[in-house]
Structure formats: C-alpha cells, structure tokens
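Trainee: Got a minute to walk me through this fold? I'd like to start with the sheet.

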Amino acid sequence: MSRIEPDSLMQRHLCPDADEAVVAEFRADRATYWKGHLVMAVIFGTLAGLLLIATGNPAPVMGPIGAAFAIAGRGAFLASEALSDRWVLTERRLLGPAARSIPLGQIVQARPFLGAVQIVTRGGDKHLIKYLADAEGVARQIRTACGITP
C-alpha cells in the first residue's frame, strides 16, 4: 500500500516556549479513527443498498460491498496523515498542526463532537481536534485550563 506524504504545511508543529509548561498532549487515536470509518461504511453502505433496491437493481448487495471497499481504501490511504496530528496544551496556549497557536484567553468554548473536540475562539474561528479516544475528557481539560465553566 502506498503511503500518502503528509502536507508540509499541516505537519508544522510549534514547540512550547522554554518558559512554558506543557499541561497535556492530545494525539489522534487509531481505534477511534477506524471506528469512525466503520460507521461511515455502514451508513453509506445501507444508503447505497437502498438506492439500488429502489432503482430495481438485481444485485443490491453490491452497494454495501462497494461502499465498504471505498471507505476502507480511503481510510487506509489517509491514515498516515490523519493520525499524525498532535495538539499541545500549555499553560498559555493550545498549539496544533499547521503551526496553530491559540492563546487560552481567546478560547470561549471547547465541546465534544463525534469523537472530536471543537474549539471556538472569541473571533469566531473554529478548530477541530479529531479522532480522540476521550473527547469529553479532552474538552473538560481544555475548559479547565481556560477557566470556562460548562
């Protein structure tokens, strides 16, 4: 299987300053990544099968099989890049891929969303920390660091 080369912009990570303490590090979880792809395969496979039944296709079972192969192929191809994301929570900032640096004072909301955490800033920017094993725990930790009450 060929490996997708990570985008050089997306893989730039900022390092905490020398005087900045790291509170936590959040990495993508492989099991959560594949569980999400399994859910997509079931949903899209069901839709494909129903569409083939509705159109009178004599082999509607091919829809779910094709959807499963397509989603599995997509997942395998993108796994190396998707699973390399790393977010670092320090005492002053949240640092993420693509050299993102979000001061904790700018974060107004951190909420779990389908195995991910959505970060919303005062300016309305939204960031997604994806494929987390414990999205609720990560959101709680970020809210605590920012002084946000749920």
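Mentor: Sure. There's an open sheet of 4 strands in the order β1-β2-β3-β4, with antiparallel pairing. Strands are DSSP runs (E, at least two residues; helices are H or I, at least four), numbered from the N terminus, and two strands pair if DSSP finds at least two bridges between them.

Trainee: Which are the edge strands?

Mentor: β1 and β4 (100–103), each pairing on one side only.

Trainee: Is this predicted or what?

Mentor: It's a predicted model, where local features need pLDDT of at least 70, side-chain atom pairs count only at pLDDT 80 or more, and totals for chains, interfaces and linings use all residues. Residues are numbered from 1 along each chain as its sequence is written, and side-chain values use heavy atoms, leaving out hydrogens and water.

Trainee: OK, how many bridges between β3 and β4?

Mentor: 4, in the antiparallel sense, with β3 covering residues 93–96. In β4, S101 is the bridge partner of L95.

Trainee: What about the core, how many residues in the largest nonpolar one?

Mentor: 19, and F26, L94 and I107 are among those with the most contacts inside it. A nonpolar core here is a set of buried Ala, Val, Leu, Ile, Met, Phe, Trp, Tyr and Cys residues joined through side-chain atoms within 4.5 Å; buried means under 20% relative accessible area, with a 1.4 Å probe and protein chains only.

Trainee: Where does the largest share come from?

Mentor: α3, with 5 residues.

Trainee: And what does L94 contact?

Mentor: Beyond its neighbours within four places in sequence, its contacts (heavy atoms within 4.5 Å) include F26, W87, I119 and I142.

Terms used:
Buried means under 20% relative accessible area, exposed over 50%, partly exposed in between (1.4 Å probe, protein chains only).
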